Amino acid sequence: MSDYHTDIMIVGAGPVGLMCHYLAQRCGLNSQIIDKSNGPLVVGRADALNARTLQLLDIVDLFEPLYVQGKPCNTSSVWADGQFLSRQSHWWTALQGCFYPHFLMLGQAHIEKALDSAVKAQNVAVRRGLFVVDITVDEQGCVTELSNGERVRSRYVIGADGGRSFVRQHFSIPFEIERPEIIWAVIDGVIESDFPKVPEIIVFQAETSDVAWIPREGDLDRFYIRMDTEEFTQQEVIARINRAMSPHSLTFKQVEWFSYFSVKESVAERYDHQQRVFLAGDACHIHSVNGGQGLNTGVADAFNLIWKLNMVLRGQASPTLLDSYQAERQPVARSVIESSGALVRATKYSERGTHAEDYVQIVEQRAGNITGMGIGYGDGGLKGSRVYDFEMHSDQQSCRFYQWLDYRSFTLLLTGDADLPSEIPPFVRCLHLYDQAKPGQYWSESSFYQGQALLIRPDGYIAAYTSLAHAAELLADL
C-alpha cells in the first residue's frame, strides 16, 4: 500500500474535473486526478461553449486552440408547419465588452481531448482506470482510498464525478431529483438535405413534434427530438425530424452518436463537506440540456473554486473564503435550472400551440444565463459583475484585456492619472491604463471604467471599485 500526498485530489476527469486540474497546475498547486475511463470522451454529450466560457478560457491560454476547432453561432430561427417565422440574434449582438458574442459550437470530446493533452504537457496526466472506494476527513485534510489499494492524502478533495457522484453520495449530501417526464433523443451525424444548411440554431415545430437543429464543428450536425417515450428506434427519430421539417427532408449519410436522455433537475443541498470536500459540475447540479448551460456552468464552477483554494493553500486568505464557493455558485445553478426548465417545458406545454415561438421568447428572457454574460455575484451593480473586455495598446504590443489577465492573481486596474498604492500584495498585478498613448504605458480608446479603480478577481469578476484617489482602500481587505 502506497501513500501519496497532494494539495487537491480530483475525482472525475470530465471537462469540469480536467479544468480543475489544469487550473490547479497553472496556480502551481499539487493536484492528482483519477477517472474510471481509459481516455477522454470520443463522441457525444455537450455541444457548445458560451461567450462567458470563451472569456474564461482566454485568461488561461485555452481560447485559441479550441476556438479554431469550433463553429461560431449567434443566430436562432423558428420554423413551424413548413413556414419560416422569425430569425433573431440580438441577445448576442447587444453584448458589451465581449469580442466573441456567440456560442462556439464544439463537441465535448474536443474540449476533453484538449484539456487532457494540456495536463499531460504539465506532466500530471489523468490516472485512469481507477475509482474511489472510500474518503475520510480529519483535521489535516482527506484520505482517499482508490480501487488499487492506494491511499492518497490531500488537503482537499473535489468531486467532479457527474450526476451519480460517488463523492456526493458518500457524504450523504441531499440531492432530490425532479423528473418532469420529458424525454429527448439526440443524434449527431453528417446529413444530406434539401433544406438550406446554415450555421444557426433552428427550432422546428409541426403539431407537437419539436425538433432543434444544432450546427456542430466540421461536417457534423446535431438534432434534438422530443419523444416522450423510452421506446423508439433511430428510424423513428429520423422520421420525426422529417415530419417537423416538411416539406423539406433529410437523410443521414453517417451517424456518429445516437442516444436519449430523460430530463432531470436537481441542485445539491450543500456544495462541500466540512470545507474539505467540494462538489463541482454535474455532481452538484443537473438539468435539461436546453440552452447549452451544463458544461458551461460546470466550467464556471471550476474557475470559481480553484483560485479560492489557491489563496487558502498559500495562506493569502482565510479558509472562510471557501464559504463563498457555495454562496456564489449555488444560486447560479438554481437560475440555470429555472432557465433550462422553462425552455424544456415550452417544448411540451403551450397554451396557444406555439411551442417553437414560446421557446425563442424564453431564450430572449433568459439570455443572461444562456450567453453566460448575465452571471454575476453581486446585487446587479458593478461589484460582482464580469469585467468587460477591451483592446489596449503599448509601445511593444496590442492585446485584449482578458489576454493580459492572469488567473493566479488579482488585478488592480487604474483607468486614468493616479499614483499606485505604496503597498501592493504579491498576488496583485497592477495595470495603469491611460486614455491616450503614453511611452512605456498601456492605453485604450475604450470608455469602460474611466476614472475608476477596480479590483478584479482571478476569475474576471469585479471584487470592488472606487475612485482613483481611494485605490489603496481596495487592497485593505485582501
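**Strands, domains and a salt bridge**

Mentor: Let's start small: Pro72 has Leu104, in β7, as its bridge partner. Keep in mind that this is a predicted model, where local features need pLDDT of at least 70 and side-chain atom pairs pLDDT 80 or more, while totals for chains, interfaces and linings use all residues. Numbering runs from 1 along each chain as its sequence is written, and side-chain values use heavy atoms, with hydrogens and water left out.

Trainee: How do you know that β4 and β7 pair?

Mentor: Strands here are DSSP runs of E with at least two residues, and helices are runs of H or I with at least four, numbered from the N terminus. Two strands pair if DSSP finds at least two bridges between them. β4 and β7 (residues 103–105) have three bridges, in the antiparallel sense, so they meet that rule.

Trainee: What makes β3 and β4 edge strands?

Mentor: The open sheet has three strands in the order β3-β7-β4, paired antiparallel. β3 (48–49) and β4 (71–73) each have a single partner strand, so one side of each has no neighbour in the sheet.

Trainee: Which stretches make up domain 1 and domain 2?

Mentor: Domain 1 is 3–70 + 100–176 + 266–371, and domain 2 is 385–475; the bounds come from an automatic or database domain assignment. Their C-alpha centres lie 29 Å apart. The contact (heavy atoms within 4.5 Å) takes 21 residues from domain 1 and 16 residues from domain 2.

Trainee: How much area do domain 1 and domain 2 bury between them?

Mentor: About 1600 Å², with 54% of it on carbon and sulfur atoms. That's the accessible area (1.4 Å probe) the two parts lose on being put together, summed over both. In domain 1, Arg52, Ile59 and Trp307 lose the most area to domain 2, together 39% of what that side buries.

Trainee: What makes Arg400 and Asp58 a salt bridge?

Mentor: The rule wants a side-chain nitrogen of Lys or Arg within 4 Å of a carboxyl oxygen of Asp or Glu. Arg400 and Asp58 meet at 2.6 Å, N to O, so the pair qualifies. The rule finds two salt bridges across the interface of domain 1 and domain 2, and the overall count comes to 20. Arg400 is in strand β22 (residues 398–400) and Asp58 in helix α2, so the pair ties together parts 342 residues apart in sequence.

Trainee: Which elements give two or more residues to the side of domain 1 that touches domain 2?

Mentor: α1 (15–26), α2 (51–59) and α8 (294–313) do. α8 gives the largest share, eight residues.
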